[in-house]
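The following note sets out several points for a colleague examining this model. Please read each point with the structure open.

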Amino acid sequence: MVGYSQLFKVFLRIGWLSFGGPAAQIALMHRELVERHGWLSEAQYLRALSLCMLLPGPEAMQLAAYAGWRLRGIPGGLISGGLFILPGAIVIAMLAAAYVAWGDLPLMQAAFLGIKSCVLVIVIEALMRLSRRALKTNLHWLIAVAAFLAIALLDIPFPLVIAAAAIAGSLRALTPPDIPPVSSSPGAGLWILLPGIPLWLAPLTLCWAAGAEFLTSLGGFFAKLAVVSFGGAYALLTYMTQTIVQDMGWIGTGQMIDALGLAETTPGPLILVTEFVAWLAGDAQGGPVLAATAAALSLWATFIPSFLFIFAFAPGIDWLAGRPRLSAALEGVTAAVVGVIATLALWFGMQVLFGGQTVALGPLLLPDPGSFDWRTGVIAALAAAGLTGARLGLHWVLAASALAGVILAS
């Protein structure tokens, strides 16, 4: 049996090395857990990955929690999943505090000019990569286009778009094939939800009872975000922008773009961008103490459901793997995520390249050509060449983009 100290050591290392987004993180864990230590077989690892992709939440973090659960039960899952999050959360908190203190300095603004340009390329690259994998049929293309129009033109809330996509996708599996019996029960781990859900909602209840309206609203939003978080941070940024920037006005558009840019430079799941956003919103509402409280609340509301999902459904993993309707629904959701990320890429492009300036063409709002920022265009082109042409590491390209922003802004 794997000891707790060894589990702690390995996942602490994974947590500090987990740069580059979910694909790189999943590959890193495969190398550590399957190839190097042999703690999971290839079949176990792939089944676990399939389960994590079915569930809302960051799949790489949930994969880490599953591995710990498989090795040492719920305590092991808490250790492995927690260590996957902790390094990035510490770095994000430090960056958020520094951003609040020095983010308005000309040098910082110039560096962010370059980082934003690089992030635009990263989002477009993620969109292209996901579309190649997700849009397998005409139905998937139809779902993706419908999701794009629903968000970009009709401003339909993200959870409704995801629900409709899951229903549309599941229609492909109305007559599921015969499935061989499995030994696991789908409800074997559901007992964890009885104490888990009240524990998850306890801080929100305390905020509500104390009359802390901002923290109650913030925590409630991130709790809702956690249970509809299909498609990763890129897809959720559109929903976050709808709520936090446009509806609530807690932070500005530029701050949202900066948040993703900084989250790209840190280890851990990209959804840690929620911690940065919460810190900025809290600081604007009441200073550093409220900022730290809001950030901690966002982490709790965002990640506790991911642990609960794994502990609840991992015991029935073989049963879940044999449900074609669930797989078809997931494919529909993934297709919709392509459309949602396309709206994010459009929004990013408008903000980064044109400063959000538009001109009306009938019912459409198009970018104003006169507001085009040639500096961001040049940096974005160089970042694209570095990432897709020269295939340089993300951190090198982000650093070079920040430096280019400083040079061009001087």
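1. Y66 and W69 are both buried in this predicted model. The two rings form an aromatic pair of the tilted kind, with 5.6 Å from centre to centre and 40° between the planes. The angle rules out the other two labels, because stacked requires planes under 30 degrees apart and edge-to-face requires over 60. Y66 and W69 both belong to helix α4, which spans residues 59–102, and their spacing of three residues therefore separates them by about one helical turn. Across the whole structure, the search finds six aromatic pairs.

2. A further aromatic ring, that of Y4, has a charged partner. R72 lies over the face of Y4, at 4.0 Å from the ring centre.

3. C52 deserves separate inspection. This residue is part of helix α3, residues 42–54. C52 counts as buried because its relative accessibility is 1%, and the cut-off for that class is under 20%. When neighbours within four places in sequence are set aside, the contacts of C52 are E59, Q62, L63 and I310. Another long-range relation concerns I317: it stands 265 residues from C52 along the chain, yet the C-alpha atoms of the two are 9.9 Å apart.

4. How many cavities of 30 Å³ or more does a search of the whole structure find? The search finds one. The largest cavity holds about 40 Å³ of space. Its lining consists of G57, P58, L225, A226, S229, L236, I271 and T302. By class, five residues of this lining are nonpolar and three are polar, while none is charged. In general terms, empty space of this kind is revealed by rolling a probe the size of a water molecule over the atoms.

5. The chain as a whole provides the setting for these details. Its secondary structure comprises 17 helices and two strands. The chain has 410 residues, of which 50% count as buried. Among contacts between residues at least 6 apart in sequence, 74% join residues at least 24 apart. The contact between C52 and I310 can be viewed alongside that chain-wide figure of 74%.

How values were computed
Residues numbered from 1 in each chain as written. Predicted model: local features only at pLDDT ≥ 70, side-chain atom pairs only at ≥ 80, totals over all residues. Heavy atoms only, no water. Phe/Tyr/Trp six-rings, centres within 6.5 Å; stacked < 30°, edge-to-face > 60°. Helix = DSSP H or I, 4+ residues; strand = E, 2+ residues; numbered from the N terminus. Buried < 20%, exposed > 50% of the residue type's maximum accessible area, 1.4 Å probe, protein only. Lys NZ or Arg CZ within 6 Å of the ring centre and 35° of its normal. 1 Å grid on protein atoms, 1.4 Å probe; cavity = no way out; pocket = protein on both sides within 12 Å on 5 of 7 lines; lining within 4 Å. Points joined across faces, edges and corners; volume = space filled by probe spheres on them. Nonpolar A, V, L, I, M, F, W, Y, C, P; charged D, E, K, R; others polar. Contact = heavy atoms within 4.5 Å.
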